[in-house]
Amino acid sequence: ESSGRTVPEGVTDFDKETENDPFAVAEYAEEIFQYYKNREDIFPIDKYIDRQPDVSKSMRSILVDWMVEVQESFELNHETLYLAVKIIDLYLTKNVITRDVLQLVGSTAIFIACKFDERIPPYVDDFLYICDDAYNRKELISMEIKILKTIGYDLGIPLSYRFLRRYARCGKVCMEDLTLARYIL
Amino acid sequence: MQKYEKLEKIGEGTYGTVFKAKNRETQEIVALKRVRLDDDDEGVPSSALREICLLKELKHKNIVRLHDVLHSDKKLTLVFEHCDQDLKKYFDSLNGEIDPDIVKSFITQRSNRLSFSHCKHVIGRQQKYPSLALNESGELKLADFGLARAFGIPVRCYSAEVVTLWYRPPDVLFGAKLYNTSIDMWSAGCIFAVLKSVTQILFMGESEDEGQYTFTVFLNHEQSSLGEGEGEGQYKSTSLHLESTVHLSYSKYFSKIRHRRLNRLLICNPALRMSAEDAMTHSYFADLLPSLHNG
């Protein structure tokens, strides 16, 4: 309680309100979000599409749309999807790829994000199936290592989705506005 | 594995074997943890993936340092800093006597590390004294992160099968899947008790059922006012994990480890359990040097 943080006058202290809700982790919320902010610089993503002769903006957006479908059919958390997209962007920032492996990168990214965050991650076979067996097990597993090496085995990547939820809760944004904001994200 | 010369097998981790080894160039002694990757497997096991990622993220003097991750065809090798002994060996060498100042120092280091991880969105879920290691300068290090995970806000449901049984808090023991940083604090209390008594384990049980039973019997002894539904077979239906605010007093059973602080860590209701943050400012540490507080 004596962490020395102050809330501007006239603003209600959201963490104070949720003090007794153990699942809001109010005691650590402020620090955790500060920590996320500090970590943002570790994961720079630039306009890598300019360096990818074989991949275009629209291909990335088709890939992400497909990943949203995967998220729905596997019933994954939103954080898993956002983490997977981050993983792709980080990988493509550092590696030039050809379009035929784009979907492999995408599904492997979901595969990794699931292992990190989901309670019961789907199996390799599930991922091969959703790619219509375009890739084999060996390719997926070696892509997993490639991606992990590229991003330095660090998956503590700050996610826009977490910030949005935090802002919405603190600002008591109504469900409609939040849904709109989610859509924009 | 040319870079390292294997010296001896140290043990088995959550996954894979651990070896003591020497860096051929620098002569540095390290611990190598090997994760096998089979072609017909699921790639990197998720426990290994989480351990690697979280250790890459968390650098603290009370958390064992992950120097490097080596990948070769069929395995991943994690290169850790080497610690001379684990807490269990250390206890065995003490013949049942422990200096209270050492206990205090250990507990400070533990609280320090827990508060550090909790501020960085990580819960350990694996607090037991055999996974704590010591180096020659008396620094206590958590050496096993195989069950740790990052948590989000608000917390979601995670696995209930976490934390070695004897250190599992009652809410989780009775099946709660929704828990937060308080899960580590219960275990911290159990370890504190272990430290004070030099190895007396509080809640032993060979299986989840037995663990629940031991705990229920214990609780009924202490708080006969808890009332109806006592006894074997009934404990599963009690909703004690969310409503009960029973303070456990160990005085009758464990006179050696009677301590106010335990009562604040070993509280059934996770919401009322003391946090690592509060633990650091507890009067128990009042006479410690300020340098230790910030360490």
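I started with two ring residues in this predicted model: Phe33(A) and Tyr36(A) are both buried. I checked where they sit: they are 3 residues apart in helix 2 (residues 26-39) of chain A, which puts about one helical turn between them.

Next I looked up aromatic pairs and got 4 over all chains. Phe33(A) with Tyr36(A) is one of them, edge-to-face, at 5.3 Å centre to centre with 90° between the planes. Phe111(A) and Phe127(A) also pair edge-to-face, at 5.3 Å and a plane angle of 70°. I noted that Phe111(A) is in helix 5 and Phe127(A) in helix 6 of chain A, so this pair ties together parts 16 residues apart in sequence. Are these two buried or exposed? Phe111(A) comes out at 2% relative accessibility, so I count it as buried. Phe127(A) is buried too, with 0%. Phe74(A) joins Phe111(A) and Phe127(A) in one aromatic cluster.

Then I turned to helix 3 of chain A, residues 57-74. Its 18 residues should span 26 Å at 1.5 Å a residue, and I get 26 Å between the end C-alpha atoms, so that agrees. I listed its buried residues: Leu63(A), Val64(A), Trp66(A), Met67(A), Val70(A) and Gln71(A). Down the axis they fall within an arc of 165°, so they line one face. I find them packing against helix 4 (78-94), helix 5 (102-117) and helix 6 (124-130) of chain A. On the face turned away I see Ile62(A), Glu69(A), Glu72(A) and Ser73(A), which are exposed. Just after the helix, Glu75(A) has a positive phi of about 55°.

Last, chain B: I found Lys6(B) over the face of Phe19(B), 4.5 Å from the ring centre.

Notes: Residues are numbered from 1 along each chain as its sequence is written. Chains are lettered from A and ligands numbered from 1 in the order in which they are written. This is a predicted model: local features need pLDDT of at least 70, side-chain atom pairs count only at pLDDT 80 or more; totals for chains, interfaces and linings use all residues. Side-chain values use heavy atoms; hydrogens and water are left out. Helices (H or I, at least four residues) and strands (E, at least two) are DSSP runs, numbered from the N terminus. The expected span of a helix is 1.5 Å times one less than its number of residues. Buried means under 20% relative accessible area, exposed over 50%, partly exposed in between (1.4 Å probe, protein chains only). The arc is that of the directions from the helix axis to the C-beta atoms. Contact means heavy atoms within 4.5 Å. Rings of Phe, Tyr and Trp (its six-membered ring) pair if their centres lie within 6.5 Å; planes under 30 degrees apart count as stacked, over 60 as edge-to-face and the rest as tilted. A charge sits over a ring if NZ of Lys or CZ of Arg is within 6 Å of the ring centre and within 35 degrees of the ring normal.
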